[in-house]
Amino acid sequence: MNGAFKHTSVLLEESIEALRIKPDGVYIDGTAGGAGHSAAIASRLTTGRLLALDKDPDAIAVIGERLRPFGERCLIVRADFRHLAEVAREFYLEPVDGILLDLGVSSYQLDTPERGFSYHYDAPLDMRMAKEGLSAYDVVNRWTPEALERILYDYGEERYARSIVQKIVEARARHPIERTVELAELVKMGVPPKVRREAGHPARKTFQAIRIAVNGELDALGEALDEALDLLAPGGRIAVITFHSLEDRMVKQRFAAWCRGCECPPDFPVCVCGKKPRAKLVGRKPVTAGEAELEENPRSRSAKLRVAEKLDTASQTEDAAR
């Protein structure tokens, strides 16, 4: 499994630098995957601790192997990153000095045909990161046309959602849609000829939408962000790497809310709500991959790294009192 699980960590140096690793600090890698980021964090620790999470059992096996040289400073738990605060508290690892979330599907998951994530391989419709629960087969064959159309619009930003869903519904009335290539062909039939001639596969958005629905990715991200700021120590940082606009928009908006503070109407002469900023942005714009990384790993092209640092609100209160 170790040899098969290949995953190139995106924006590795940039994200590790952003976290400002302290040798005695406590850190969480909420999506440890191939353990590239985790190993980089662990290598900088002495008396500190790293909590590495992933819900994919294949990943957990690899993470354990690759973090073994770092011994007891690493704790590996199979869990969805939406539960990172719960796990951290269970093992008395709070507050933490840094949290990393590298979102999306891993190279291993995409390149392992039997996992059913990719339209490039003929495989069973699956797409389950945790290898259990709701599958892409269930979504495609059992969800109502209205539900399918909604996720294609909302999660795939697919402008031809209605015609694609019409092809899916017509096909599944004859027999269940079981294979990735079968679904990809139905998507092709559901888009105009001009779209089929454009660069990139016309099924990309549909596959993205179904994968997000199967794994509850946006819900998980929202829950994790809600918990993360409370879990951080003052001065602690959260670094999030996103791969599509839906994730990036959610992270950007949540970070902005943390940094905003006062919510009084602009015409109020003084603040009466008393809300203070809870965090500050580290860099106004997201960090993206440089030319060298793009050449080595084309999948990094869509990656965006955003970082926020928790403020010491207790000190703000004391200063205001004085």
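**Overall build, cores and selected residues of a predicted chain**

Leu67 sits in helix α3, which covers residues 57-67; helices (H or I, at least four residues) and strands (E, at least two) are DSSP runs numbered from the N terminus. The structure is a predicted model, in which local features need pLDDT of at least 70, side-chain atom pairs count only at pLDDT 80 or more, and totals for chains, interfaces and linings use all residues. Residue numbers run from 1 along each chain as its sequence is written, and side-chain values use heavy atoms, with hydrogens and water left out.

Leu67 makes a handy starting point. With a relative accessibility of 2%, Leu67 counts as buried, where buried means under 20% relative accessible area, exposed over 50%, and partly exposed in between (1.4 Å probe, protein chains only). Neighbours within four places in sequence aside, Leu67 is in contact (heavy atoms within 4.5 Å) with Ala35, Ser38, Ala39, Leu50, Ala52, Cys74 and Ile76. Asn215, 148 residues away in sequence, lies 26 Å from Leu67, C-alpha to C-alpha.

Ala35, one of those partners, is worth a short stop. Ala35 belongs to the loop between β1 (26-29) and α2 (36-42) and is buried as well, at 2% relative accessibility. The phi angle of Ala35 is near 70°, a positive value in a residue other than glycine. A second such case is Glu157, whose phi is near 50°. Glu157 is placed in the loop between α7 and α8, and its relative accessible area of 37% makes it partly exposed. In general, most residues other than glycine have a negative phi, and most peptide bonds are trans. On the peptide-bond side, Glu94 and Pro95 are joined by a cis bond with omega of about -5°; Pro95 is in the loop between α4 (84-90) and β4 (96-102).

Turning to the whole chain, the model contains 15 helices and 7 strands. The radius of gyration (taken over C-alpha atoms) is 21 Å, close to the 20 Å that the globule rule gives for 322 residues, so the chain is as compact as a globular protein of that length. That rule is 2.2 Å times the number of residues to the power 0.38. The C-alpha trace spans about 75 × 60 × 40 Å along its principal axes. Half of the picture is interior: 50% of the 322 residues count as buried. Among contacts with a separation of 6 or more, 68% come from residues 24 or more positions apart. The accessible surface is about 15800 Å², with 50% of it belonging to carbon and sulfur atoms; areas follow the Shrake-Rupley method with a 1.4 Å probe, and for residues only the protein chains shown count as cover. There are 47 positive and 50 negative side chains, and the centres of the two sets are 4 Å apart. Here Lys and Arg count as positive and Asp and Glu as negative, without His and the chain ends, and each charge is placed at NZ of Lys, CZ of Arg, CG of Asp or CD of Glu.

The largest nonpolar core holds 35 residues, of which Ile151, Tyr155, Ile177, Leu183 and Ile210 touch the most other members. Such a core is a set of buried Ala, Val, Leu, Ile, Met, Phe, Trp, Tyr and Cys residues joined through side-chain atoms within 4.5 Å. Two or more residues each come from α6 (136-142), α7 (145-156), α8 (161-174), α9 (180-190) and α11 (204-215), and α11 gives the most, with 6 residues. Apart from this core lies another, of 32 residues, among them Leu53, Leu84, Ala224 and Ala308. Ile177 touches residues including Leu125, Tyr137, Val140, Ile168, Leu183 and Leu186, with those up to four places away in sequence not counted.

Arg237, in strand β5 (residues 232-242), is buried at 10% relative accessibility. Beyond its neighbours within four places in sequence, Arg237 is in contact with residues including Asp97, Glu309 and Ala308, the last of these a member of the 32-residue core. Tyr121, by contrast, is partly exposed at 31% relative accessibility and lies in the loop between α5 (107-111) and α6. Val181 is 60 residues from Tyr121 along the chain, yet their C-alpha atoms are separated by 6.9 Å, and Tyr121 touches Val181 as well as Leu110, Asp111, Pro113 and Thr180, not counting residues up to four places away in sequence.
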